[in-house]
Amino acid sequence: MLKIGAKDLAKYPFLTEAGEYLRNTGLSLEQLGDPDWQPIVEKAYGRIVVASSGQIYGSDLEALDNDSELLSFLVAIILLKSAGIATLIRRFSLAESRRAEKYLQQDLWISRDKKNLELPLKIIQDLFAVNVSIDNEDFVIKVPDYLQRAVHFHEKEWKLVNRRVANGLVYLSAHETVRLIRAELGEYINGKIQSVNVDSIPQSFRHRVEDLVALAKKFSDTTYVSSEYPPCVKHGIEVLEKGENLPHSGRFLLATYLLSKGQTVDQIAPLFKNAPDYNERTTKYQLAHISGSSGSGTKYQCPSCEKLRSESLCFAIPDCDGIINPVQFGKKRKIQ
Amino acid sequence: MNEKNALLIESAFKEYYFNRFDLIHVPQKATEREFGYQKFNSGMTRHLVIKNDKELHLLLMREVPSDVYCSNAYYSFPNLSMSEKDWKGADLIFDIDAKDLALPCRKDHTIFKCNSCNNHMIEFQSQCSKCGSTKFDIVSVGCMNCISESKKEVTKLVDILTTDLNVKKEQIEVYFSGNEGFHVRVTNADYEQLGSQERADLVDYIMFNGAIPESFGIKRQNNSKTSLPTFEEKGWRGRVARKLFSSKSKAPKVTREIITSGYSAFQVQLEEIKRTMGVRVDPKVTMDIHRIFRLEGSINSKSGLSKIQCINLDSFDPFLEACLLGDDDIDIMADCPIQIRLKNKKFGPFNNEIVSLPKYAAVYMLCKGLGNAT
């Protein structure tokens, strides 16, 4: 059987095996409340603060004590659940998934020659039900498994026609394999955190929980929703408002819709402020690109209702009857 | 369609459906599929459940539909409305239609029928030579060249499905569509869960749509011959290599030419490969995961020919093997400026004259709008 060590758990603290490891140490939540363990609470708090600022928390696995890496992750979850702020949880999940992604890629790459791929491949198999195997220098996955993930990417190199395909398998590098499951990794970590129940916490945690509540205020600017927005656009704004992750296609909808309604890049950019991966410069650059004022000069149009339906972004209401594009929403309604 | 024509065709269809129960079966997983049918001069009836062959035969005898369809999708509740059906999966389907191939022979078997005076013209003119109207119906009659070119597309498709996509030969069924092309159905559990977007990307692969030079080793600058595809490679890289180099001995020379000509020239070459080697399927059909598709064994009302499975594609002659209506003579007023060939017999051309034709040929002309019941 595959043996997962402390170092593996430091890298992938969200694995089910982490709970088992902790039970074997005999450490309880009450004990963690002891002042001796305060450095772990501080480390956990720091981990959340780093994540909330959009950075990836870095661990020095060689120099540090691996148990503290695992424990700080678990304590961070307890702090987050106690604070109960969705924005922070989303940001933390995203940052932790990027961190795990980095290790997963390294593990796939390093162990490729040694043929010691059991752990990274097991993680991919167990977590995402994707069977990845190895063929010479490459990783291979079944065409349908590939398509179901790659269709969410818009870059041409992810189109199946631009991949090496043979015998029903798609050939990928370590980096591409991990990139393919990025979104699912974030969802998985988020789901894990959501499923944790915290009844009571040690007194020594409370101070940091309060700090988290204060920290979250920074992200809770409200955005005005005009009553004339179609339900799909309203949904997108609401998701962002909650600090949840809106998929690329949803962000594209918001940007193209608002641009078509005459809003400027500067007016739209703050809307994305609550997104877990918000970066002002990147957002403005992307908005400028969509508006056609930079890049190829193509002004992107708002996606059709049909396209949104296929992307599960359509939340049609009776007022949507007879329109084929969200930009028609207000106009049609006025005629009625 | 006028009432008399509809009655004549209906009676020929009814006779076929009565006599040829052996050819008409519900597909596998029938109870999970949605059925639909159309009658002459009437709308579509959908959301039906037909559990077995017996129920299907009963429907055919009772309604005598002009066309019968069955979903490629499987549902929990196929008889409920679209939003309540609960989609469970769908066969992968492909439609290859000769009219999409834009072959040079098309002008030789296309008839322009004036909407106002029914005058028939073989060559395209901007207005009717008799009445001056500018509105025409375009009718194409059967052509062996169109069929053999469509067969080549089917062969290309089957090759990609089996070698690149690991679909087993026995999971692929090829059907003559009943008019001018072929339908291909793949029943492979790995692919049945794919949604519309995934199928769109799969169809782009099959058509060689959206290929970029980088995937074949050509960058905008600093190209090296080692990144170009080789003869032995599988998938499109191998196909592209074999097309570009034509033989292994020519590979070094062609490689140098490709690298010297650069990115844009290679893009043009990829476009050319798409035109000649990409499979010309109708992407809309493959992407549609809720489509009701013509039922095998049923008659296509555009021609009176049946949609039937092609066991041996190479030797398959649709104008013989799919022409299954009766052969007793019927008098019709035929106005068919082009000679047609059915069951190895030639008919026409006819210039608005009453002729006695075997039922299959009479119905073919009526279905094509090239004749009327007397």
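Visitor: Which residues in α1(B) are buried, and what makes them count as buried?

Guide: In this predicted model, the buried residues of α1(B) are N5(B), L8(B), I9(B), A12(B), F13(B), Y16(B) and Y17(B). A residue is called buried if 20 or more other C-beta atoms lie within 10 Å of its own, so each of these seven passes that cut-off.

Visitor: How do you know that they are on the same side of α1(B)?

Guide: They cover an arc of only 165° around the axis, and that places them on the same side. On the other side, E3(B), K4(B) and F18(B) are exposed.

Visitor: What covers the buried residues of α1(B)?

Guide: The cover includes α2, β13, α10 and β20 of chain B.

Visitor: How do you know that the span of helix α1 of chain B agrees with what is expected?

Guide: At 1.5 Å a residue, its 17 residues, 3-19, should span 24 Å; the end C-alpha atoms are 24 Å apart, so the two agree.

Visitor: Why are β19 and β20 of chain B said to stand at the edges of their sheet?

Guide: The open sheet has three strands in the order β19-β16-β20, with antiparallel pairing. β19(B) and β20(B) each have a single partner strand, so one side of each is left without a neighbour in the sheet.

Visitor: What makes β16(B) and β19(B) a pair?

Guide: Pairing needs at least two bridges, and seven join these antiparallel strands, so they count as a pair. C336(B) stands opposite F350(B) in β19(B).

Visitor: What packs on the sheet?

Guide: α10(B) does, touching β16, β19 and β20 of chain B. Its direction makes about 35° with that of β16(B).

Conventions. Residues numbered from 1 in each chain as written. Chains lettered and ligands numbered in written order. Predicted model: local features only at pLDDT ≥ 70, side-chain atom pairs only at ≥ 80, totals over all residues. Helix = DSSP H or I, 4+ residues; strand = E, 2+ residues; numbered from the N terminus. Expected span 1.5 Å × (residues − 1). Buried ≥ 20, exposed ≤ 12 C-beta atoms within 10 Å, placed from the backbone. Arc of directions from axis to C-beta. Contact = placed C-beta atoms within 7 Å. Axes fitted to C-alpha atoms, helices over the stretch in contact; angles between N-to-C directions.
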